[in-house]
Amino acid sequence: MKQLLPILLAFPLLLLAAAQPANLPPDARPLPPTPAAAQPAFRTLRIFLDPHGKPLAAYQFQLAGDPGLTIVGIETGAVKGFTDPPYYDPAALAGGRIIVGAYSLAQDLPATPTHVATLHVRLAHPDIAWKAKLITAGTRDGTPIACDILISEGEQP
Amino acid sequence: MKRTMRWILAAVLAIGVIVPALIQFGCSASDKYQAMKMEGPGLAEHVRAAQADLAPLPPTPSAQNAPPVIDHSTELWIIERKPDVAPPADDKLPGAGTLLANDTGAEQPPDKLIPVPLQHTDVKASIAGSIASVDVTQQYQNPFSVKIEATYVFPLPHDAAVSDFIMTVGDRKIRGIIRERQEAERIYREARSQGYVASLLTQERPNIFTQTVGNIEPGKRIDINIRYFHTLACSDGWFEFVFPMVVGPRFNPPGSTAGIGAVGRGSRGVSGQTTEVSYLRPGERSGHDIALSVDLQTPMPIQDIASTSHQVQIQRSDDRHAAITLASEDRIPNRDFILRYRLAAGQMTSGALAVREARGGYFTMLLVPPASITELRRGPVEMVFTIDTSGSMSGRPIAQARAAVHAALGMMNAGDTFQIIRFGNQAEKMASQPLPATPDNIRRGLRFVDSLQAGGGTMMTDGMRASLRFPHDESHLRYVVFLTDGFIGNESDVLTEIADNLGPARIFSFGVGSSVNRYLMEEMARLGNGAAAFLALNDDAAQVMSTFFQRISHPALTDIALDPGSSGIHDLYPRRLPDLFAGRAVMLSGRFSGELNGQIHVRARAAGQTVDCTVPVTPATGPGATAIPLVWARTRLADLGTQFATGHGASPDEIRTTALEYGLMSPFTAFVAVDASRRTEGTSGISVPVPVQIPDGVRYDTTVEERPNNKQQ
C-alpha cells in the first residue's frame, strides 16, 4: 500500500495538469488596446412581429436609419420553427437599404407576438434613430398576414 | 398545393430579391413604418418579458501580456537576402510549445502535439448534376488561459462562390454581412477592440482566404460556417470534385511584400509578406483534423466513383445516389481531397441549366466537344517542356515531373520538335533552339531531364518568359507543357507575362503534387488557350501524359460562339471563350433576356471546318436554381479579377460592385460578423496564428522560412 501511495497522490495532480490551459505559442502577439477616443457603438435591435393569431411562415422587413447605421450581424429570435438566422438582400444592401427576411417550412409556427430576429448593428454616433417597415408576411399557403412590427433595443452590453 | 409552392418559392427568392415584385399580396402594415407602434398589449408585454429574460454575463479573465521574444530573420528560399524583418514592438511573448501527448509508433520519434485554436473542420458537400454546394464549418476553441484572436489562412476552390457566412457563439447563430473589404476590416477592428466577439473573412487570392476570429475567451468555442457553390470540372467522361485542405508554401520574389509568406511556427512576420501561412515543423502535429462527406445525386446512373487522394467509405442507396465519407483514419488535412465519378450513360453530352429570377435569366452550360473532332489529326508540334525545379518540388514532386516528361518524350512524332526548360532561381534551356524529335535528340532530352535536381527559388516568370519568347517555327504548333506545383505568391506576374507574350503558343499547365495551386494552373491554361491537368504524387505519370497526347492529337475547337437568336444571351463568361480539346469539357455561364426555348445553338471551327451543335437547356430547380446566378457572378468576378491582375482592364469598382450585389467574396469584399449582445472582459487579446501541416510530399526544410533560433522551440 505504501508503494501505491505516491501513485495515488500523483494521479490527481496529473489530472489537474492535464486540465490546465496550454501555454501560449511563440507566435502569440498582443493586440493593440482599445483607443481612448470615442468609438462607434455596437447594439442589438430586436424585431418583434405580431401575426394576430395567424401562423407566421415568412416575413420580410426593411430597417431604415441614417447612413451611420450599419448592420453587422443577423440572428434569429426566440421563435419556433425558424432555426436559421434570417437572410438579408445583398443587392438592396449594396444600394444602402437593409432588407431582412426569413421563411419556415415547419408545421409548428408562431401565431402570437414573437421576437423573430435580432439585428446586430454599428452606430456611428449615438443619435441615430431607426425604424422598421414590414414589407410582407404570410402563412404557409401564401395568405398575407397583417402583422404589426416593433423594434426593441437590446440591453447595452 | 400550387399556392403553397408558390409561397415557398417566393420566400426562398426573398433571400436575394424584393418579395413584393414576385408576390402580389399586401399587408395592412406594409405602407407605413411601425417602429414605434405599440398597439397590441400582447406585443409590448412580450417585449418586456423577453428583456426580463436577460441574465448577467459571467466574468471572464482579462488579457495577459507576456515578455517579448525579439530576434531577426533569415529565409530559406533566398536568392537575394532581404533586409531583416524586425518583429513588431508589441511582439512580447515567450515561445512555449507544449508537449501534450505522443501518438506514433515506436519506430519513429513521437510527434509533438501543438495546441492550436482550430480544433476541427467539418465539410459537407452536396453535388447535384455538375454543381456542388459545400458547407465548411471551422470549430475554434481557445486552449489558452487568455482571450485570443485566432487567424487561420486556408484554401478553398479557386472558383468557389462564397455566399454565406455564419458565426456560432454557444447555440446562437449570427449571419455575417458582406461589406466592402476595408469597411469590414474597420468594423472588425472596432468590435474586437471593444471586446465583442467578432469574425472576419477576407480573400487573399481566389483560392486563399483568411479567417480571423476575435475575442475567443479561454475554453470557449466559436464555430464559423462558410457556404459556397462551384461547378465541377469534367474531362474524359469523369466529373471531379476537389476540396483543398492546406495552402502550399509559396515562394515570393525578392522585394515583394504582397505575396503569401511561408513561415515556421514561431517565426511570424519573418517573411515580410502581407499574408503568412504558419507551418508546423516536421514531427509536430496539431489536434486539428477534418471530416468530410459528399452527398452525390446524379441525373443518370453512376458507373464509377472513387477518391484518388483519400480513403473513403461509399454507400450507394440506389444507382443515382451515393454518400461518400472520409475514412476516420485519413483525417489529417494535408492534401487535396479528390473525388471522381462518371455516369453510366456512355459519352458525356453537352447540356445547360437555366433559371429566371427578378434580375433576369441565368444559365450554366457544360460544353463537350463533339466526337467528330477526333476524326481530324493535328499537324506537327513544337513542344516546350518547362519544369519547375525550385525547392518546393524537391523529393517526390520532381520525380513525378521527370517521369511525366520521360513519358512525353517517348510519345512525340518524328516531325515534331521539342525544347526543355528548367527554372528555379533562374531559367535554363536544354538547347539554344528546339530540336527535332530524333532518337538521338530524345536521348539527349532524357539525360537532361534525369539531371534535374530541385532547389532554390521559384522565379516562374523567368521560366514562362523563356518558354514563350523565342522565334516561332510557323510550320509547327507551339505547345508549352508547364509542370509546377504553382507555389508562388506572385501569380499576377506570371499571368501578365502570358497575357502580354503568349503569341502563337498554347499553354498546358500540369499541377504536380498533393496540394497544388489550382487557381494558377487553371488561369495559366485559360489565358494560354490550353488546358490544365493535375499530376498527384500517386498518379501514373505516363498515363497522365498519354491522356494529354490524346487530347492534343486532334485539332482544338476554336472560335466558339453562342447564337443569341431570340434568347438574348449576353454577359457570357469566360469573356474569351476557351478552345475545346478532345475529351475535355468546359463550363460557360451567361445571362439571357429572351426565351431559350429549350436549346442553345453553338458554332465553332475545327481545322478550318465549321462545327455546329445544339445544346439542350433544362430549367433548374432546387438548390441549383439558387446557385446558378451565383455561379454566373463568380465566373464574372474571376474574369474581371484576371483582367485586373494582368493590367488588361477591369477596375476594383467593377469587381466590388458585382461582389456586393450578389453577396460574394472577392479581393475587395469581405464578410464580417459581430456579436453585439455582450462584451468580453478586457480591452484586448492575444493574436494567435493557426499553424498548419506542410502538404504531403513537400519538404519543410526547402520551403519554409524560420528565425535561426526558432527551431528548438
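## Cysteines

A:Cys147 is buried, its relative accessible area being 0%. The model is a predicted one, and a search covering the whole structure returns zero disulfides over all chains.

B:Cys613 illustrates this absence of disulfides, since the nearest cysteine sulfur, that of B:Cys234, lies 15 Å away. A disulfide requires the two sulfur atoms to be within 2.5 Å, so B:Cys613 takes part in none. B:Cys613 has a relative accessible area of 23% and therefore counts as partly exposed, whereas A:Cys147 is buried.

## An open sheet in chain B

Four strands of chain B make up an open sheet, arranged in the order β11-β12-β20-β17. Their pairing is antiparallel. From one strand to the next, the twist averages 20°. Strands of a sheet pair through backbone hydrogen bonds, in either a parallel or an antiparallel manner.

The edges of this sheet are occupied by β11 (233-235) and β17 (302-307) of chain B. Each of these has a single partner strand, so one side of each is left without a neighbour in the sheet. For β17(B), five bridges provide the connection to β20 (residues 337-343) of chain B, and the two strands run antiparallel. Within this pairing, B:Ile302 has B:Leu343 of β20(B) as its bridge partner.

## Helix α4 of chain B

Helix α4 of chain B comprises 14 residues, 396-409. The distance from its first C-alpha to its last is 20 Å, close to the 20 Å expected at 1.5 Å a residue.

How many of the 14 residues of α4(B) are buried? Ten are, so the helix is largely enclosed by the rest of the structure. Alanines among the buried residues include B:Ala401, B:Ala404, B:Ala407 and B:Ala408. B:Pro397, B:Ile398, B:Val405 and B:Leu409 are also buried, as are B:Gln400 and B:Arg402. An α-helix has 3.6 residues a turn, so residues three or four places apart point the same way.

## The surroundings of B:Pro434

B:Pro434 lies in the loop that runs between β25 (427-429) and β26 (435-436) of chain B. Is this loop residue, B:Pro434, buried or exposed? Its relative accessibility is 18%; because buried means under 20%, B:Pro434 counts as buried.

Leaving aside residues up to four places away in sequence, B:Pro434 touches B:Glu382, B:Thr417, B:Phe418, B:Gln419 and B:Phe470. B:Phe470 is 36 residues from B:Pro434 along the chain, and the C-alpha atoms of the two are separated by 9.7 Å.

Methods
Residues are numbered from 1 along each chain as its sequence is written. Chains are lettered from A and ligands numbered from 1 in the order in which they are written. This is a predicted model: local features need pLDDT of at least 70, side-chain atom pairs count only at pLDDT 80 or more; totals for chains, interfaces and linings use all residues. Side-chain values use heavy atoms; hydrogens and water are left out. Buried means under 20% relative accessible area, exposed over 50%, partly exposed in between (1.4 Å probe, protein chains only). Contact means heavy atoms within 4.5 Å. The expected span of a helix is 1.5 Å times one less than its number of residues. Two strands pair if DSSP finds at least two bridges between them. Axes are lines fitted to C-alpha atoms, for helices over the stretch in contact, and angles run from 0 to 180 degrees between N-to-C directions.
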